[in-house]
Every structure is written in structure tokens, then in C-alpha cells.
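Ready for a walk through a structure in your viewer? Load the model, keep the selection box handy, and follow the stops below.

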Amino acid sequence: MSTTEKLGHPNRSASRAAVSPAQYAEVSLADPGDYLALLKPRVMSLVVFTALAGMLLTSGPLNPVIAFASLLAIAVGAGASGALNMWYDADIDAVMTRTSTRPVPSGKIAPNEALAFGLTLSVFSVFTLGVVANWLAAALLAFTIFFYAVIYTMWLKRSTPQNIVIGGAAGAFPPVVGYAAATGDVSLSSVVLFAIIFIWTPPHFWALALVKSAEYARAGIPMMPNVKGADHTRLEILLYTILLAPVGVLPWMMGFASSVYGAISITGGIGMLALAVQVYRKRIAPGADRVAMQLFGFSILYLFALFAVIVAERLFARVLA
Amino acid sequence: MKALAVTEPEQTSTVQNGLVLSPEQQRARRRRNIAIGVTVGLLAILFYVVTIAKLGPGMFNRPL
């Protein structure tokens, strides 16, 4: 047995066998791009976007250099939690088609390397945010990383169908962290943005889980459709969407977003509700899968639109000021 | 980057000869080294600019 197999990574040795003659040492073949993939760049970009929205909620001055460095630290912190997630979940990532090509299950990066990378970046990002912005923001970022890596990944994901409901808090924190980085405080407006992402997460992920339930079952993840059934999941999707539509309008109603935001959030909320009703009513494949994927896709557009309007109008107001 | 030991049968010869890297491994290591170097360089620039930004314009306004 090779050293890498003792470290718990059989794929790595297998992948080397074809390219490494016996006399060569086992040194990683990973490219910088493989390490970048560990950081989940698409999730990072969403985190940067929502953290920027939170940051722009303040009406006070924003130093662009400090804001950029803070966003970078928040992005790296989010990436670090992604790396820790990929380290811990390599076994279930390997059996799901969507995740089987990730760097750890595909053998490009050893689990221990992913763990060291994630831990190093976690400490570095939190420390950097503390020094660059303030220690409240750093503490919130540290809690977000802990919540995603430990509470969600290690505990909730494999133990309860409420995994993505509670775990969704990790994805909802960036606007609060962004606002805290800009002001050293937590405001009601940033908590409202937290609430929008938090309530948006269950219908978004359960729509996908309805379609991918067989894969989740094979990986042994207790997603809602696998535990409570598809029909119960459809009901919960509808209930969360009924809650989400008015919460999405709150920034306009509370006066920290314009009437343009109000119109888009009302229209988007109605669209989400219409699709959630369709998901609830259409229960037979292939129509059921089609509307579930429509809801999944529309939910991404909906959230993006809400935050894009907030970012755009806040930036516009700063440029005009 | 951690250099892992070779498989057990070759361990003795490797210890005697040092680690032998294949051309592909050398290229991968070079790419990683360049990425680390560029990242460290950019971080040094970032921390320098952040330091200036945090000190603010008042840094030049001091008694000689």
C-alpha cells in the first residue's frame, strides 16, 4: 500500500499509475486551477455579490480600497469553507455525477492537502478582514465558515432533512458580514437581506432535490424528498415561497430600496409563487421534473435580480452624490 | 507542497537517490510555484495599498 493510500486516498494512486513510472516519487500533479476549483468560484462570486449589497447599505463613506480588500477577504473565507466542505464530503461527492469531478474525488488533490488549504485560508481570511476592516466583521466571517464547515457539512447535511434550511444561514450571512465590514455594526436592513437568502434557500435547493433525489439517495444524504417524500417537499416549497414573496419586498417597504426594486421584487415574487404552485400541482414525470427545474432556474434569476437592483441603485446614488 | 514518499518497494532507492520527479510532475510543481509567487506578490501590494489607505492623507500632516 502506498503512502497516499494510507492517507485515505485510493483514487490518487490509481490516477498516478498511468503517468508515473515506478521510479518516480509521488508528488502532486495538481494545477493551480485545481486549487481554485476547491474554493467553489461560482459560490464565491455569489458571496461577493451579496456581501457587496450588504456593504452598500450604509449611507456613510466607503473607502474603495478597504471595501475591495474586505470583499476579497470575505470571498477567500467563503472559498475556504468550500475547500473544507470538499475535504469532508469527498466520499459522497464521488458517487454524485454533479460533484464526482471535483478535485478531491477525482484524485487531483489529496484530502489532507484540501484540509490544510481550507484551514490556512480560513485563518488568513478572518485575520485579514479583522485587520483591514474590523473584528466584528472578522468574527462574523469566522462564524460563517464554522457554520458551513462544521454545523452544515459535518453535522446537519448527513443527519436531517432540515439540513439546507438551517445550513442556509451560512449562505445568508455575507450581506451581514459586508455591512459589518463597512460600518462595524449590524443593522436591521442587513438582517432583512439575510432573511431573503435564508428563506429563498429551501425552495431553491428542494426544487433541485426533487429532480436529483435518486442521486442524493445513492449518496445517503437525507434530503427532504428522500425522507418525507416528494409531495411533502412540494408542500414545503410552496409554504416557503409564500413566505419568501413578501419578505423579498421588505427592502422597498422599509425604505432602503427604490420603487424599481419594489416592482421587480413584487413581479419576481409572483413568478416564484406561480412556479411553486405548478410544482405543487404537477406531480407526474416528466412534467413534474420540468417545472421543478424551471423553479430552480427562476429562483437563481429572482435572487440575482433583487441583489443586482440594490447594488446598482446604491452604486448609482454614490456616483451621483 | 507536500512531497509524498514513493511506494514501499522503491522507498530504499528513492531515499538513496532523492526524490525523482517526472517531467509532468516538474511542470505541475512549476505552475504551482508561479501561482504561489504571484499570489504572495499581489498580497504584498494589497497590504501596502491598504496600509496607505488606512493611514489616510493625514499621514503627511505631522510635525517634522
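Start by selecting A:D91, which counts as partly exposed because its relative accessibility is 47%; buried means under 20% relative accessible area, exposed over 50%, and partly exposed in between, with a 1.4 Å probe and protein chains only.

Before moving on, a word on what you are looking at. This is a predicted model, in which local features need pLDDT of at least 70 and side-chain atom pairs count only at pLDDT 80 or more, while totals for chains, interfaces and linings use all residues. Residues are numbered from 1 along each chain as its sequence is written, chains are lettered from A and ligands numbered from 1 in the order in which they are written, and side-chain values use heavy atoms, with hydrogens and water left out.

**Charged pairs**

Now add A:R158 to the selection: its side chain meets that of A:D91 in a salt bridge, 2.9 Å from N to O. Here a salt bridge is a side-chain nitrogen of Lys or Arg within 4 Å of a carboxyl oxygen of Asp or Glu. A:R158 is partly exposed, because its relative accessibility is 30%. Add A:D89 and A:K157 too, and you have a network of salt bridges linking them with A:D91 and A:R158.

Next, select A:R102 and A:D93, another salt bridge, whose closest N and O atoms are 3.2 Å apart. Are these two buried or exposed? Both A:R102 and A:D93 are buried.

For a further pair, go to A:R283 and A:D231, where the closest N and O atoms of the salt bridge are 3.3 Å apart. A:R283 sits in the loop between α15 (259-281) and α16 (287-320), and A:D231 in helix α14 (residues 230-253), so this pair ties together parts of chain A that are 52 residues apart in sequence. Helices are DSSP runs of H or I with at least four residues, strands are runs of E with at least two, and both are numbered from the N terminus. A:R283 is partly exposed at 35% relative accessibility, and A:D231 is partly exposed at 40%. The count over all chains comes to seven salt bridges.

**The whole chain**

Zoom out and colour by secondary structure: chain A has 16 helices and one strand. Of its 321 residues, 55% are buried.

**The nonpolar interior**

Select A:L129, A:L193, A:I196, A:W206 and A:F307: among the 80 residues of the largest nonpolar core, these touch the most other members. A nonpolar core is a set of buried Ala, Val, Leu, Ile, Met, Phe, Trp, Tyr and Cys residues joined through side-chain atoms within 4.5 Å. Helix α11 (residues 188-211) gives the most to this core, with twelve residues. The core also draws at least three residues from each of domain 1 (33-186) and domain 2 (187-314) of chain A, with bounds that come from an automatic or database domain assignment.

Stay on A:L193 and show its contacts (heavy atoms within 4.5 Å). Leaving aside neighbours within four places in sequence, its partners include A:A53, A:L57, A:P251 and A:F307. Then look for a second, separate core of nine residues, with A:A30, A:Y35, A:L38 and A:A114 among them.

**Last stop**

Finish at A:T144 in helix α8 (residues 135-156). A:T144 counts as buried because its relative accessibility is 11%. Which residues does A:T144 touch, not counting those up to four places away in sequence? Select A:A170, A:F173 and A:V177 to see them.
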